[in-house]
Amino acid sequence: MKLRLSLAVALLVIAGSAMATSFVVPTDDELVAKSTAIITGTVEGSYVREQNNTIETIYEIRVERAIKGVAKRGELISIVSLGGITEEKRGLIVPAAAHYDQGERVLVFLTKDERSEWRTTDMTLGRFQFVTSTAGEKLLVRDVENVVGWDRAGSVHREKVRKEAGFLTFVEQKAKRRDAEVSTDYLVEAAAVTLQTNSAPFDVETNAAPFPAATYTDFVNNQPIRWPNMSAGVTFYKRTDQNISGASDGGVSAIQSGLAAWTNECASLINLQYGGQRQTASANHDGVNMVEYNDPQSRISGSWTGSGTVAVTFLSFAGSHTFLSQSWLNITDADVVFQNGYSATNAAFAPAMTHELGHGIGWRHSNQDYATGGACNSSTQECTSAAIMNSSVNGNYGYNLQPWDVHAAESVYPGGTCGPACISPTIASQPSSQTIAVGASATLSVTAAGTAPLSYQWYIGTSGNTTNPIPDVSGPSITVRPGSTTQYWVRVSNSCGAANSSTATVTVQTGGLAAGTASGLYLVTPCRVTDTRSATTAPPNSTTLVQVTGVCGIPSTAKAVVLNITAVAPSASGALVVYPGTGAAPPNTSTLSYRAGRTRANNAVSRLSSAGRLGVHNIGPAVDYIVDVTGYFQ
């Protein structure tokens, strides 16, 4: 693998030089049409071969989606690319060949050569890598440095990046029907996008694991260990002549269940298989993975007496590979040996089997330091005793993985998918700042999107300040009644992320009523200032602000008005309260009580707000009302 890394460096240097290959770049439509197969998948490994007077690199890609052609989901296919360096350090460099890095997720356009082997269509032009921009956009990009050429019109080709969802939709629809009219608005100018840094070839998303992948494994000579091509399948066998007592099938189902516990962790690529029984004694470095009961070779000292050693896993390793930009030792075989006399009737048998097979994957003990085996340091690694991989087995866990076990699987062997992809929250509409009078309330709301369920936590303060959470509020809206001007914001979260809203300020005005003392009454011709029948019926238990000054000859200097309010044919009993329209809460009084089906009216005198408004509060069902004025005070 170190040789392959040297090749990657050489390719990078050459790709930026004048040696880059020239192309007439096909359109995306043409690329779909000329490709025999189109897949998305994850690169799991590679090797170099020398034959037919050339050197080629064979890349193994696990199919995630088969968009076109005969490939199937989950199939491991081999793709041949020109160039590579052999173990004897014989090399061939072809700058325009499509090269892939272990662990990367790709969209690949494929054709078959004369030997019926898969090759990337138009060399590097048929390879797209899934990437994320610094703005969080999901994109598909080519190895832009290797794309030097012209478009069909003869213009110098300007490579663009492609929005992941739109491009995949285009490819799928064109693959199904060549003449389909499909939008190409997925194309984005390369200069408008900044890709995330530190996206080294072997950086693979490790799901929700809180610590680096290597910290979940045992270390040997200061190196972590793992299977280099786990997703291709690692097979375990049971030794034929050794059955565990207390199990009707001799312990077969326990092996199968333990293997399934790790394999069924959907967000990883762990693939452990049961190969049946064979007459093979466990041995190191034989390339055969065995589960052996009763310790027939006395590989464990003593025998089971109700305590002590339950089982031991013997791991063989040789060579190394690179994963997540780090060198890992290759696990080549694993043997699980159960202590002589240990019985399947023991409550710890199921978790013990799962635990030992976990060591066969490479895990450390969840409560011990990954490098020293001593006390676990929670500042550098995940530490817990509540795990299948704890140093002492908890009989209550059975074959059920715990959070630590899941984190280990998802970080060291990433790439699986659990149902639909989780979409982090985004905020579509922000809470709005408002101005209210003393004693009044304000309702703040946010609209968010993302994978359900969404959680909402409101805070007092500026956005991002979590010092003052507001308890007992968990929805997208909140009603507040601050005594002074106060700032609020909300955090929307789900299982895969969170989004903070902007800050909303609720300003509290200390003044509200029209100032001064009325000096006299001025009559006006009776005039209607509002009639909800021609506007919006007053909702139940609601307050409406009615502008009075500037209407019906009421001057802006008016301090109060003489009015008549009428409830029109209400559906049920209730009351209307008229008071100054400052936005404050209504007084505990009634201006007009109404009954179902009866139109009733009442006279009143009410002060105005400084803005010349009345407040009409409806206590009851939705109702229409009319407000007429006959005079004012100023």
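1. Start with two tryptophans: Trp262 and Trp363 are both buried. This is a predicted model, so take the numbers below as values computed from predicted coordinates.

2. What kind of aromatic pair do Trp262 and Trp363 form? A tilted one, with 6.0 Å from centre to centre and 55° between the planes. If you trace the chain, the two partners sit 101 residues apart, so it's a link between distant parts. Trp262 belongs to helix H4 (residues 252-263), while Trp363 is in the loop between helix H5 (349-361) and helix H6 (403-412).

3. That pair has company, as the structure holds 17 aromatic pairs. Another one to look up is Phe167 with Tyr186: the ring centres are 5.1 Å apart and the planes meet at 35°, so this pair is tilted. The angle falls between the 30 degrees below which planes count as stacked and the 60 above which they count as edge-to-face.

4. Where do Phe167 and Tyr186 sit along the chain? Phe167 is in helix H3 (residues 164-176), and Tyr186 is in the loop between H3 and strand S13 (187-189). They are 19 residues apart, and the pair links distant parts of the chain.

5. Buried or exposed, then, for Phe167 and for Tyr186? Phe167 is buried, at a relative accessible area of 1%. Tyr186 is buried too, with 2%. Buried means under 20%, which is why both get that label.

6. Phe167 and Tyr186 also belong to an aromatic cluster, and its other members are Phe109, Phe128 and Phe170. It's worth showing these side chains together when you open the model.

7. Two rings have a charged group over them. Lys112 lies over the face of Trp118, 4.8 Å from the ring centre. Over the ring of Tyr100 you'll find the charged end of Arg127, at 5.5 Å from the centre.

8. Now for the empty space. How many cavities of 30 Å³ or more does the structure hold? Just one. The largest cavity contains about 160 Å³ of space. It is lined by 16 residues, and the closest to its centre are Glu44, Arg226, Ser231, Leu269 and Pro414.

9. Which strand gives the largest share of the lining of the largest cavity? That would be strand S2 (residues 37-51), with three residues. As for character, the lining of the largest cavity divides into nine nonpolar residues, five polar and two charged.

Methods: Residues are numbered from 1 along each chain as its sequence is written. This is a predicted model: local features need pLDDT of at least 70, side-chain atom pairs count only at pLDDT 80 or more; totals for chains, interfaces and linings use all residues. Side-chain values use heavy atoms; hydrogens and water are left out. Rings of Phe, Tyr and Trp (its six-membered ring) pair if their centres lie within 6.5 Å; planes under 30 degrees apart count as stacked, over 60 as edge-to-face and the rest as tilted. Helices (H or I, at least four residues) and strands (E, at least two) are DSSP runs, numbered from the N terminus. Buried means under 20% relative accessible area, exposed over 50%, partly exposed in between (1.4 Å probe, protein chains only). A charge sits over a ring if NZ of Lys or CZ of Arg is within 6 Å of the ring centre and within 35 degrees of the ring normal. On a 1 Å grid over the protein atoms alone, a cavity is a set of points where a 1.4 Å probe fits but cannot get out, and a pocket is an open set with protein on both sides within 12 Å along at least five of seven lines; lining residues have an atom within 4 Å of a point. Grid points are joined across faces, edges and corners, and a volume is the space filled by probe spheres set on the points. Ala, Val, Leu, Ile, Met, Phe, Trp, Tyr, Cys and Pro count as nonpolar, Asp, Glu, Lys and Arg as charged, and the others, Gly among them, as polar.
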